[in-house]
Amino acid sequence: MKDTRKITGQYGEDRAADYLKAHGFSILTRNWRTKTGEIDIIAFIKDTLVFVEVKTLPHGTPEILAHVLDSRKQKRIIETSKRFLSINRQYSKNYIRYDVIVVDMPGMPTVYHIENAFSEFL
């Protein structure tokens, strides 16, 4: 079961990265990890650094999406992004944004990009 989730997640992240590149984003890194968290994709467009959480939900609903992206998960992503910025100071003067890309969720486009999905000030 775990391998299936990993394969599904990797597939979704690949689709999300392709989508971002096709829309003018530069992918800086993928699966950036610290002891306390991970960011699926870190991308750059114009003067904005974008931290992207990817959710592949072939059997998902908006309620499931809200559950898997609860405030605790958002806080972990934000804290991890701060660590990235403390190590990569060259991005400190750029705008910061937190996006979510949902892949394969019924009733939505195949790749659904939610810009500014959340912020540090919830």
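**Close-up 1. The hairpin of strands E2 and E3, with Lys46.** In this predicted model, two residues lie between the strands of the hairpin that E2 and E3 form, and Lys46 takes a positive phi near 50° there. Strands E2 and E3 run antiparallel and are joined by five bridges, and within this pairing Ala43 stands opposite Val50 in E3.

**Close-up 2. The hairpin of strands E1 and E2.** Four residues lie between E1 and E2 in the hairpin that these two strands form, and their pairing, in the antiparallel sense, extends over six bridges. Ala43, which stands opposite Val50 in E3, also has a counterpart in this second pairing, where Ile27 stands opposite Ala43 in E2. Of the eight residues of E2, seven are buried, so this strand is largely enclosed by the rest of the structure.

**Close-up 3. The largest nonpolar core, with Ile42.** This core has 19 residues, and those with the most contacts inside it are Ile42, Leu49, Phe51 and Phe84. At least two residues of the core are supplied by each of E2, E3, H3 and strand E4 (95–103), while the largest share, four residues, comes from H3. When its neighbours within four places in sequence are left aside, Ile42 is in contact with a set of residues including Leu28, Trp32, Leu49, Phe51 and Phe84. Apart from this core lies another, of 13 residues, among them Ala16, Val54, Ile101 and Val111. In soluble globular proteins, nonpolar side chains tend to be buried together.

**Close-up 4. The surroundings of Thr56 in strand E3.** Thr56 has a relative accessibility of 15% and therefore counts as buried, the cut-off being under 20%. Leaving aside its neighbours within four places in sequence, Thr56 is in contact with Thr8, Gly9, Tyr11, Gly12 and Val103.

**Close-up 5. The largest pocket and its lining.** About 850 Å³ of space lies in this pocket, which is lined by 25 residues, the closest to its centre being Arg5, Lys6, Gly9, Val54 and Lys55. The elements that give two or more residues to the lining are helix H1 (2–22), strand E1 (26–33), strand E2 (38–45), strand E3 (48–56), helix H2 (62–68) and helix H3 (71–87); H1 gives the most, with eight residues. By residue type, the lining divides into five nonpolar, nine polar and 11 charged residues.

Technical notes
Residues are numbered from 1 along each chain as its sequence is written. This is a predicted model: local features need pLDDT of at least 70, side-chain atom pairs count only at pLDDT 80 or more; totals for chains, interfaces and linings use all residues. Side-chain values use heavy atoms; hydrogens and water are left out. On a 1 Å grid over the protein atoms alone, a cavity is a set of points where a 1.4 Å probe fits but cannot get out, and a pocket is an open set with protein on both sides within 12 Å along at least five of seven lines; lining residues have an atom within 4 Å of a point. Grid points are joined across faces, edges and corners, and a volume is the space filled by probe spheres set on the points. Ala, Val, Leu, Ile, Met, Phe, Trp, Tyr, Cys and Pro count as nonpolar, Asp, Glu, Lys and Arg as charged, and the others, Gly among them, as polar. Buried means under 20% relative accessible area, exposed over 50%, partly exposed in between (1.4 Å probe, protein chains only). Contact means heavy atoms within 4.5 Å. A nonpolar core is a set of buried Ala, Val, Leu, Ile, Met, Phe, Trp, Tyr and Cys residues joined through side-chain atoms within 4.5 Å. Two strands pair if DSSP finds at least two bridges between them.
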